[in-house]
Each structure stands twice: as C-alpha cells, then as structure tokens.
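Hi everyone, thanks for coming. I'd like to walk you through a structure, so please have the picture in view while I talk.

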Amino acid sequence: MHPKEDIFYQARNFNTIELWKNVTGEQWYDADWQIKNIIRSVEQLKKVIKLNSLQENEINRTVSTLKKEGKEALRITPYYASLMQADPFNPEMLPGEKSKKRLDPIFWQSVPTPANLLFPNTGIEGAMAERSRSYGAAYQRYPNRLALFVAENTSCASYCVHCQRAKSLDRSFVVNRTKIDKGLFYIGYNKNINEVLVTGGDALMVSRGRLQYVLEELSRIPHLRTIRIATRVPVVMPMAITDELMELIRISANKFNNGPDKYVYFMTHINHYHEITKDLGIAVKKILNHGFTIRNQTVLLNHVNDYYKTLALTFTRMFWIGIHPYYLLQCHKEKGIVHFITPIQIGKIYMKHLHGWISGVTMPKYAGNIEGGGGKVILMPSGHDTLYKKFHIEDKISESYALVSTWDGKEILEYEALGRATFEEFSNGVKIMDDFIGRKGVFVPKLIIVDNKGKRIETTNRTKLPKLEKIKKSKLLEYDVRDKNMPLTNPADISDEIDEQFKKSKYCRSTSTENE
C-alpha cells in the first residue's frame, strides 16, 4: 500500500476548539490537566462538536437514563475528544468509506446516543461475569493464564460506549487491596499459571504505588513467565506514557525475580485509524524504547470499522508504528451495545479478502468471546477445503446462528452472535436514530427479528454481502494495477522493462565495480 496521505491522522488543533481556546500547550500535554478536564457533560461536549438542539437533548436523555441505572456513561479525555471531527454527523472520510452513510468513528465510540437505550434483548449473557469465575481479583477461563483486576471498570480515562463491561459501570464491583492480595496468592498457588493479564478498567490508571506493588509481587512468583498490561491510555491520553512510568514497570516486573526475566507486553485497543496520531506514535516509541512489545485488540464494530478499507488501514498503520495486531474481536452481546454488532459472516468475508492483500503479520486473528466462560473461538475463514464442499463464505447469506465448539470441549447448538428485537422495536429504534442523525441509511443495526414468542423470523440488513473483486481491492488499497486488474507480484514478468529503468538508476554500476 502506498497511501498518498500522511499515515498519522491529524487531530484538530485544541486551540481552535471553543472549550480549550485559552489552553496552553504545556497544559494540554500534562496528563494531570487532561484528567482534571475530562468531558463529563453535554454542556462541555457541545463546545467541542456541533450539536443541534435535538441531538443535544437526546444525548442528555441517554446520559440521564443511564445515570438512573447507576452508570456514569460519559467520560472523554480532551485529547481523545479532539480526534472527533467538528461536525461528527457529516464526517469527511477517505474514498471508498461511504462518508454519507457514516458518523465520525470517534464520536460513535465515545458519546452515548439513543442507540445505547435500544434493543435490550441480548439472549444469553455472561462471558464477562467475572464473579462466577474469580478468586479475589483473579479471573480465570484458561488453564495457564488469567486476568488480574487491579482497578474497577470505572477507572478508565475515557469510556468506550461499546465496552463489553458496560454493565459494570455502576461501581458494583470494587477492587480493593484484599481482593488483589487474594488474586496474587492464587497465582502463586496455581503453578499452571505462567501468564497474567494485569487489567481493569485500565491498568495504567491506578496509582503508581498500586501498580508497583502488583508488579513486584508478580516478580516473586517463579512459575510466572510473562506479564501483560492492558491499557487504552496510549490511545486516549498518550501524554500519560512517560519514561518514568515505563522505568517503574521495567524495574518492578523483575525486581524480586530469581529466574529468567519475565517479559512484559502492553495490550492496547485501537479500533480505527483515526486513533493513530503522531502523539500515539510518540507514546509507542517510549514503550518500545524500554524493551516492551505492544499488541492490539480491535473490536469489529458496525458503524465504526466494518469496512474493508478501514480495517486494512487500521491494521497496517498500527503495525507501521510498532503495534502488532493481535485480535479482531467480535463485538459482544451486552445490553445497550448490540447495534455495534456486525454479523460474523461479514467479518469472515473481510478477513478472507484481506489475506494476501496486506502483510500476514498485520492480520489479527478473528475471534469471538463465547458466553458462559467458553473463552475465545477462532472465526477465521480458511482457503483449505478438506471436505471438498466447494462452498465459499460469500456464496450465500448464512444463518443467524451456528454450532460452536469451545477449546474445553463444550458445544453450543444454536449460538447467536446478534441481538434480538421484534419488528416493532427495530422499526421504532431506526426511526429514533434517523431523527437523531438527521438522515436515513446511517443507522443500520444487524438484529435477529423475533416474534412475540421469541421465534426467529429474519435478520435485518442482510439483503446482500460485500463483493470484493480484484480491481475493487486494488483501488481501495491504492495499489497500482497492471494486467488482469492485479498489482505487480512477480518482477520476472516485466524484467525487460525493469532492466531499462535499472540502467538509468544509481544502482547500475560499471563492470569494474561489480565485485566491490
């Protein structure tokens, strides 16, 4: 790929935004200032983006309704808010991304909208029901690894409205020292555990003292080999990534270790190339310079990144700055976020057609988190048809349910990845969002329509599947095309043409210097 534009997305200059017109650069790049000035109200938000009275009232209604449920739904760092376009309802996107049918991707991820109050029927829930699989702050689903919660879900600097833990934003789960100590004890007790994910909320939003304590205690456990730190701080508040913090992590993770060094990985969360900025690049360099590796989990989100070009640019650009794509994760079924879910078949089609067209090292594994503790199920399509069915994933629209086999031998006969709604709920929801957005065709939720008895009728917005011919992929990825609408993949095919150009280049040397 050779995109003509800068690989970094250009955020708006903060001084051009009404809310921060008098802010200095020193203040803006101070993480403490960012925290103190987090956007928590629509009054602040309307000084950052363009909102008409209906949109303002509807966001206020959404936030108020969620607050009545005990949830603080709106929290955006000034930096992350500056990534939103001034008019998020009419965004400018790259060619091939259908800007007329989209809202700004940062807006969709961070601002609660009436969509978050729609379609409550999610079927079976529970994949992230931590209490049912926990000891203290330790949460385990696999034999050799677990998550250690060091902070509540409410600790994040910015809230993602698509978060699968949105149900926990009511502060019902408290992480205290006793729970952390019980989790640390369990890690030492279970000698199968060789890998720990330090998470929250956000692992880098806890106090330095708590982070240091946890890492130092993990360094004492001889059978523990790797530590992963889950954080979205580099993406939503990159100025908080400092050399001092990185040095604390580097030293603490092996302070009391008597065996081989425990390697530390950072696990971050980028969903759209608009999040890949120069400021993120600076934060990434600091992390890499201290010897850490960064891997990323992208969630496949309807309305945000469910476009071929968007996924390609997101995966490749993060890799270009030193972040390894790790998972493309199917959006989970949680109340209030099912409008973000893209059918698995669509994800499979995109992954199939990205293969070969972008580097394999930039291709994450496509996976889904299965309810009931089944863990991740790999959803990647395969070009190896051992059963010789002669069937391709894009040949016809699939069912809205599937037989699922988990890593631990469980089988789910009719697993549904989509939310459910009656036709009336679906129609009313679309009308509410069409009025909110100001035009039709932008809000296109994929839902299973059921009758009053819960029987499946049809899946919405599934009349056709993406068609990705060679020429279309070449155009979207901005490749130069030669014969058969394909980019050049074999220089031997045009060796005479290349020879002529080589003779004119600086690399063509005289016979006397050939063996130097």
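Let me begin with a term I'll lean on: buried means under 20% relative accessible area, exposed means over 50%, and partly exposed is in between. Please also keep in mind that this is a predicted model.

Let's put that term to use on a helix. Arg 250 has a relative accessible area of 40%, so it is partly exposed. Its salt-bridge partner is Glu 247, with the closest N and O atoms 2.5 Å apart. Glu 247 comes in at 28%, so this residue is partly exposed too. Where do Arg 250 and Glu 247 lie? Both are in helix H10, which covers residues 243–252, and they are 3 residues apart, about one turn of the helix. Elsewhere, Glu 414, Glu 416, Arg 420 and Arg 456 are joined into one network by salt bridges that share partners.

How many salt bridges does the structure hold? The count is 22. One of them connects Glu 72 with Arg 40, and there the closest N and O atoms are 2.7 Å apart. This pair links distant parts of the chain, 32 residues apart. Glu 72 sits in the loop between helix H4 (53–68) and H5, while Arg 40 sits in the loop between helix H2 (31–36) and helix H3 (42–45). Is Glu 72 buried or exposed? Its relative accessible area is 18%, so Glu 72 is buried. Arg 40, at 39%, counts as partly exposed.

Another bridge runs between Lys 71 and Glu 69, with 3.7 Å between the closest N and O atoms. Here the lysine is the buried partner: Lys 71 has 15% relative accessibility. Glu 69 is partly exposed at 35%.

Now for the cysteines, which I know some of you will ask about. As a reminder, a disulfide is a covalent bond between the sulfur atoms of two cysteines. How many disulfides does a search of the whole structure find? It finds 0. Why is Cys 156 not bonded to Cys 163, the closest cysteine by sulfur? Their sulfurs are 6.6 Å apart, and that is too far for a bond; the cut-off for a disulfide is 2.5 Å. Cys 160 is in no disulfide either, and its nearest cysteine sulfur, again that of Cys 163, is 6.4 Å away. Cys 156 is buried, with a relative accessible area of 19%, and Cys 160 is buried as well, at 16%.

Let's finish with some lysines. Which residues form a positive surface patch? They are Lys 98, Lys 101, Lys 464 and Lys 472. Lys 98 is found in the loop between helix H5 (78–81) and helix H6 (105–110). With 51% relative accessibility, Lys 98 counts as exposed.

Lys 396 is also exposed, with a relative accessible area of 55%. You can find Lys 396 in the loop between strand E10 (375–378) and strand E11 (401–405). Its C-alpha atom is 7.9 Å from that of Leu 465, although these two residues are 69 apart along the chain.

That's my tour. Thanks for listening, and I'm happy to take questions.

Note on methods. Residues numbered from 1 in each chain as written. Predicted model: local features only at pLDDT ≥ 70, side-chain atom pairs only at ≥ 80, totals over all residues. Heavy atoms only, no water. Patch = residues over 30% accessible without salt bridge, like charges linked within 9 Å, V, L, I, M, F, W, Y side chains within 5 Å. Areas by Shrake-Rupley, 256 points an atom, 1.4 Å probe, with all protein chains shown as cover. Salt bridge = Lys/Arg side-chain N within 4 Å of Asp/Glu carboxyl O. Lys, Arg positive; Asp, Glu negative; His and termini not counted. Charge placed at Lys NZ, Arg CZ, Asp CG, Glu CD. Helix = DSSP H or I, 4+ residues; strand = E, 2+ residues; numbered from the N terminus. Buried < 20%, exposed > 50% of the residue type's maximum accessible area, 1.4 Å probe, protein only.
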